[in-house]
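Visitor: Please put the entry up, and then take me through the ligands and a few of the residues. I will ask one thing at a time.

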Amino acid sequence: SNVACIRSLYSAGVIGRGASSSPSPSKICVIGSGPAGFYTAQHLLKARQDIVVDIYERLPVPFGLVRFGVAPDHPEVKNVINTFTQTANHPRCHFYGNVNVGKDVSVSELQQAYHGVVLSYGAEANRSMGVQGEDLAGVYSAKDFVGWYNGLPSCRELTPDLSCDTAVILGQGNVALDVARVLLAPLSILKKTDITQPAVEALVHSQVRRVLIIGRRGPTQIACTIKELREMVNLPGTRPEMKAADFAEVSEALKDVPRPRKRLTELLLKTALEVPGEKEQERRNKATRTWGFRFYRSPIEVFADAEGKKISGIRLAVNKLEGSGEGAQAVLTGEVEEVSCGLVISSIGYKSLPIDPSVPFDPCKAIVPNTLGRVQQAKGLYCSGWLKTGPTGVIATTMNNSFDTARSVVEDLNSGTLDVSTEKPGSQSICALLEQRRVKPVSFSDWEKINTEETRRGEAVGKPREKLLSVEEMLRVARA
Ligand SMILES: Cc1cc2nc3c(=O)[nH]c(=O)nc-3n(C[C@H](O)[C@H](O)[C@H](O)COP(=O)(O)OP(=O)(O)OC[C@H]3O[C@@H](n4cnc5c(N)ncnc54)[C@H](O)[C@@H]3O)c2cc1C
Ligand SMILES: NC(=O)c1ccc[n+]([C@@H]2O[C@H](COP(=O)([O-])OP(=O)(O)OC[C@H]3O[C@@H](n4cnc5c(N)ncnc54)[C@H](OP(=O)(O)O)[C@@H]3O)[C@@H](O)[C@H]2O)c1
Ligand SMILES: *[C@@H]1O[C@H](CO)[C@@H](O)[C@H](O)[C@H]1NC(C)=O
Ligand SMILES: *[C@@H]1O[C@H](CO)[C@@H](O)[C@H](O)[C@H]1NC(C)=O
């Protein structure tokens, strides 16, 4: 039987120990256990004492992109896990891992069981470049590449080919810089992180010595932030390799831009154009690997070698900018350029997918259409996180927009717009459905067994954790 379910019914006072005397609770479920799911739950639990929150997660392990996205060399970012763990251990909160909503249970079944349903399942797909050759071997989406080095089970088989000298990354956001760092960072640094062991082994044998990070617009439109740029600039064993011509008009454009953009651009200019001091020059002379931005270039085609098996380069359209500032548009000049490379990683953004035909979905924006987190034309249905806003923003942004959604839920409870007058079965009926369908949820204490095992394996090799790489193994440890 479903141990996770029975255990939660006990602790919620539904069975055993005599039920509590308080009136029946408002039952809300959250779909997805990334930052959006956890921050929504946190705010709901705090706002009203009569709310219970159940979190359904597809994987046996929680935390979404905090586990499978955030770069292994950014451990401090993962401290939010402590807050999420407190939420998960709240007496009015329950976690059901290993439940794929849309497949194991439908959204309308959840709506029947709960007063309110919050969709916060993130953006699991990659945007497509829409260029010829993007399906060739040697072309990867950043989403898959990141998933591979971070142990996302569905990316386990990626085993990217790192036997080339030059790698091209398309897109200049923070994800692009994460990927560049992982490709170029000294193994002595990466080996001490929670990067997967297969990734460490592949990187030990990597031939990649040069990484070009290509943007369709100019230096003043670059999408990364200054902290991440500074990490590249200071990355041990590497030196920057830029093209002065790319920065021709930048100093002038600098006058009118907001301060964060100005500081970012100044660091770019300094890195690209300034003659380095003696110490920095010495550092650069010793470098064995290089990285650089290329601007005003859009991909047209990835092409293969004579045998048509391995990629040998990428054809780029040369752009010019129309307009200025953040909204400047790249327009084609008609000029074309080729860059030799053996690896292309497309880092032009993530994309949400619809998970259930009954839920409204905007295919153009790839989000669930909503007003302040209330799904349009769907009473009792809400959304938060990247599914609500699109795939941009740091964890703090996701936290803010998830709190906003939770506020909408609470407002609707207070106003009676969200009707809680009839009792709902909540996890009780969902667990019965799952049992019929032979789906066994993973509880939060089951996850803690996985966590303990991963930490133990990590300790043995000097890493904060050694992640389990397959769903099967996760389930085996959870049920041991
Ligand atoms: C590569 C990368 C690195 C990043 N690094 C940083 C960083 O260093 N610092 C920072 O502040 N921000 C970083 N971010 C941004 C941050 O990760 C996001 O803001 C945040 O994770 C978005 O939260 P979310 O909950 O909407 O989505 P997610 O974190 O993706 O969570 C969605 C969850 O839903 C689950 N799910 C999906 N489908 C289903 C389903 N059908 N049924 C049940 N569950 C489902 C998923 O398994 C996942 O656990 C990074 C993002 C990426 C892509
Ligand atoms: N350390 C951190 O804090 C950290 C780490 C990783 C991620 N994150 C956050 O997570 C979010 C997602 O990051 P991201 O890097 O995936 O997205 P992003 O910041 O939106 O960057 C996407 C990049 O892809 C380019 N691009 C988009 N469509 C393109 C196309 N069709 N052709 C060519 N280029 C295209 C964009 O250029 P244009 O500007 O021209 O559109 C931009 O350079 C961001 O908010 C990021 O800050 C944070
Ligand atoms: C990204 O996703 C699309 C599907 O939308 C796929 O066709 C494409 O090959 C993927 N990969 C890259 C590198 O864009
Ligand atoms: C989140 O909201 C707070 C308070 O409204 C604000 O000060 C902060 O700048 C916001 N953070 C982000 C990243 O949007």
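Visitor: Which residue has a polar backbone atom 2.9 Å from an oxygen atom of ligand 1?
Guide: This is a predicted model, and that applies to each distance given here. Ligand 1 offers an oxygen atom, and its partner is a backbone atom, not a side-chain one. The residue that supplies the backbone atom at 2.9 Å is Leu-65.

Visitor: How much of the accessible area of ligand 1 does the protein cover?
Guide: On its own, ligand 1 has 1,000 Å² of accessible area. The share covered by the protein is 92%.

Visitor: Which elements give two or more residues to the shell around ligand 1?
Guide: The shell holds 32 residues, and the closest include Glu-57 and Trp-386. One of the contributing elements spans 35-47 and another spans 395-415. The elements asked for are helix 2, helix 7 and helix 15.

Visitor: What is the distance from the polar backbone atom of Pro-35 to an oxygen atom of ligand 1?
Guide: Ala-36 also has a polar backbone atom by an oxygen atom of ligand 1, at 2.9 Å. For the polar backbone atom of Pro-35, the distance is 3.4 Å.

Visitor: How many residues of the shell around ligand 1 are nonpolar?
Guide: The shell draws at least three residues from each of domain 1 and domain 2. By class, 12 of its residues are polar and three are charged. The nonpolar residues number 17.

Visitor: Turning to ligand 2, which residue has a polar backbone atom 2.6 Å from one of its oxygen atoms?
Guide: Ligand 2 is surrounded by 18 residues, with Gln-172 and Glu-228 among the closest. Two arginine side chains make polar contacts with oxygen atoms of the ligand: Arg-216 at 2.7 Å and Arg-217 at 2.8 Å. The backbone contact at 2.6 Å belongs to Gly-393.

Visitor: What share of the area that ligand 2 exposes when taken alone does the protein bury?
Guide: Taken alone, ligand 2 exposes 920 Å². Of that area, the protein buries 77%.

Visitor: Which helix gives the most residues to the shell around ligand 2?
Guide: The shell has six nonpolar, eight polar and four charged residues. It takes at least three residues from each of domain 1 (3-124 + 352-478) and domain 2 (126-349). The element that gives the most, with three residues, covers 174-184 and is helix 7.

Visitor: Which residue has a polar side-chain atom 2.3 Å from an oxygen atom of ligand 4?
Guide: The residues around ligand 4 are Ala-396, Thr-397 and Asn-400. The polar side-chain atom at 2.3 Å from the ligand oxygen belongs to Asn-400.

Visitor: How much of ligand 4 does the protein bury?
Guide: Ligand 4 exposes 360 Å² when taken alone. The buried share of that area is 28%.

Visitor: Is Arg-48 buried or exposed?
Guide: Arg-48 sits in the loop between helix 2 and strand 2 (51-56). Its side chain makes a polar contact of 2.6 Å with the side chain of Asn-414. The cut-off for burial is under 20% relative accessible area. Arg-48 has a relative accessibility of 19%, so it counts as buried.

Visitor: Which residue has its backbone nitrogen 3.0 Å from a polar side-chain atom of Asp-446?
Guide: Asp-446 belongs to helix 17, which covers residues 444-460. Its relative accessible area is 8%, so Asp-446 is buried. The backbone nitrogen at 3.0 Å from its side chain is that of Ser-443.

Visitor: How far apart are the C-alpha atoms of Lys-388 and Ala-123?
Guide: Lys-388 lies in helix 14 (residues 386-389), and with 10% relative accessibility it counts as buried. Along the chain, Lys-388 and Ala-123 are 265 residues apart. Their C-alpha atoms are separated by 9.7 Å.

Visitor: To finish with the whole chain, what is its radius of gyration?
Guide: The chain has 18 helices and 18 strands, and 54% of its 480 residues are buried. Its C-alpha atoms fill a box of roughly 75 × 50 × 45 Å along the principal axes. A compact globule of 480 residues would have a radius near 23 Å, and the chain agrees with that at 24 Å.

Notes:
Residues numbered from 1 in each chain as written. Chains lettered and ligands numbered in written order. Predicted model: local features only at pLDDT ≥ 70, side-chain atom pairs only at ≥ 80, totals over all residues. Heavy atoms only, no water. Near = heavy atom within 4 Å. Polar contact = N/O pair within 3.5 Å; in protein donor to acceptor, adjacent residues only side chain to side chain. Areas by Shrake-Rupley, 256 points an atom, 1.4 Å probe, with all protein chains shown as cover. Helix = DSSP H or I, 4+ residues; strand = E, 2+ residues; numbered from the N terminus. Nonpolar A, V, L, I, M, F, W, Y, C, P; charged D, E, K, R; others polar. Domains from an automatic or database assignment. Rg over C-alpha atoms; globule rule 2.2 N^0.38 Å. Buried < 20%, exposed > 50% of the residue type's maximum accessible area, 1.4 Å probe, protein only.
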